[in-house]
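User: I've got a model open and want to talk through its empty spaces and its folds. Can we start with the voids?

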Amino acid sequence: MDLTTTYMGIKLRSPLVPSASPLSEDIDNIQRMETAGAGAVVMHSLFEEQLRFESHELHHHLTQGTESFSEALTYLPDSINFRVGPETYLEHIHKAKERVSIPIIASLNGSSLGGWTNYAKQIQQAGADALELNIYYVPTDMELTSNEIEQTYINILDAVKAVVTIPVAVKLSPYFTNMANMAKRLDAAGADALVLFNRFYQADINLSLLDVEPNVLLSTPQSLRLPLRWIAILHGRIHADLAATSGIHRGEDVLKMLMAGARITMLCSVLLKHGIDHIRVIEREMREWMEKHEYESVQQMQGSMSQKNCPNPSAFERVQYMRSLAIYKPEWKANHDTSYYFG
């Protein structure tokens, strides 16, 4: 049975790809991912804020003491006293490429146009096979227009594409006025793939400490509905490959995404919950279903249930919303007062 797929022009043994997470910070884990059957690995993200911080730290060390004595104007710190974080990331990519044969996709996480985008060139030089731009942007400026926000995404992509030759994917949030138009604009700007969708981690309030604190909630299989819908809508309408992420926990989740039109499916929460070897379980579930339904390859099913190809294309649009409400049957006991549910 042929599970191979292509993503951004790169042939993968499987559409199962661990997405950016703390798991890839350990080279041994990346090896385990390859052994378990991963088609590629997206490295943990290097954040724009980390690059800014390290730049400030470097400036501090290079100028420390230069105002005290004229002799200190040529002072340089001992390099062993500090280590620039981004260099560690580059070294990590290089070591991973030495240890595994599957493609390594680096990840840059940022929200603005700046010097951090130029770091993409060094990532390519370190040996990364591709780069994922994880644009995590939560605009709060009330004067900022939707057009200005969208143009920021295009500008970031343009800046990166200008300095690298490796494929570039853009990881998006679903929060655009017109998601289809945004996908078209990024496609026209040269995005090799779109990763749908970024999950924004929301803050919570700690009532004991009366403080705002971060809160990470892992995805559930129900989370796949949103990327499933948009991948199905976009398949065949843009040139960029489509990668599915969020809510993929089982073999059937992978199969649904492939049928919608995804080239690959990214795994994160399920591996954090069940371990890296769970990749084998998902692949086994895929193979069992494909054998039962007489599918010989992944390519055979890709896009078969996209909006362009499915028997009921309107199911992905507004009409399905009305139909869902019409056929829904509330789960109450026969002796319950229905007025309790409907007011």
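User: How many cavities of 30 Å³ or more does the structure hold?
Analyst: The structure holds 1 cavity of 30 Å³ or more, where a cavity is a set of points on a 1 Å grid over the protein atoms alone at which a 1.4 Å probe fits but cannot get out. Grid points are joined across faces, edges and corners, and the volume is the space filled by probe spheres set on the points. This is a predicted model, in which local features need pLDDT of at least 70 and side-chain atom pairs count only at pLDDT 80 or more, while totals for chains, interfaces and linings use all residues. Residues are numbered from 1 along each chain as its sequence is written, and side-chain values use heavy atoms, with hydrogens and water left out.

User: And what lines the largest cavity?
Analyst: The residues that line the largest cavity, each with an atom within 4 Å of a point, are Tyr-7, Ile-10, Leu-12, Ala-40, Pro-103 and Ile-105. The space in this cavity is about 30 Å³, and its lining has 6 nonpolar, no polar and no charged residues. In that classification Ala, Val, Leu, Ile, Met, Phe, Trp, Tyr, Cys and Pro count as nonpolar, Asp, Glu, Lys and Arg as charged, and the others, Gly among them, as polar.

User: OK, pockets. How much space lies in the largest pocket?
Analyst: About 790 Å³ lies in the largest pocket, a pocket being an open set of points with protein on both sides within 12 Å along at least five of seven lines. Its lining comprises 42 residues, of which Ala-20, Ser-21, Ser-45, Phe-47 and Asn-134 lie nearest the centre. By class, that lining divides into 17 nonpolar, 19 polar and 6 charged residues.

User: Which helix gives the most to that lining?
Analyst: Helix 3 gives the most, with 5 residues; helices (H or I, at least four residues) and strands (E, at least two) are DSSP runs numbered from the N terminus.

User: What about the second largest pocket, how much space and which residues are nearest its centre?
Analyst: The second largest pocket holds about 280 Å³, and among its 15 lining residues Tyr-175, Asn-198, Arg-199, Phe-200 and Ser-246 lie nearest the centre. Its lining divides into 9 nonpolar, 5 polar and 1 charged residues.

User: Switching to the sheet: what is the strand order?
Analyst: The open sheet has 8 strands in the order 3-12-11-8-7-6-5-4, with parallel pairing, and two strands pair if DSSP finds at least two bridges between them. The edge strands, each pairing on one side only, are strand 3 (16–18) and strand 4. Neighbouring strands of this sheet are turned by 25° against each other on average, direction ignored.

User: Where does Thr-245 pair in strand 12?
Analyst: The bridge partner of Thr-245 in strand 12 is Met-266, and 3 bridges join strand 11 (residues 241–245) to strand 12 in parallel.

User: Which strands does helix 10 lie across?
Analyst: Helix 10 lies across strand 3 and strand 12, running at about 160° to strand 3. Axes here are lines fitted to C-alpha atoms, for helices over the stretch in contact, and angles run from 0 to 180 degrees between N-to-C directions.

User: How does helix 8 cross helix 10, and what meets there?
Analyst: The axes of helix 8 (residues 251–260) and helix 10 (residues 278–292) come within 7 Å and cross at roughly 65°. In contact, meaning heavy atoms within 4.5 Å, Gly-251, Val-254, Leu-255, Leu-258 and Met-259 of helix 8 meet Ile-282, Glu-285, Met-286, Trp-289 and Met-290 of helix 10. By class, this contact has 8 nonpolar, 1 polar and 1 charged residues.

User: Last thing, which peptide bond is cis?
Analyst: The bond from Leu-196 to Phe-197 is cis, with omega near 5°, and Phe-197 sits in the loop between strand 8 (193–196) and strand 9. Strand 9 (residues 203–206) in turn is joined to strand 10 (residues 211–214) by 4 bridges, running antiparallel, and the two form a hairpin with 4 residues between them, where Leu-210 in the turn has a positive phi of about 50°.
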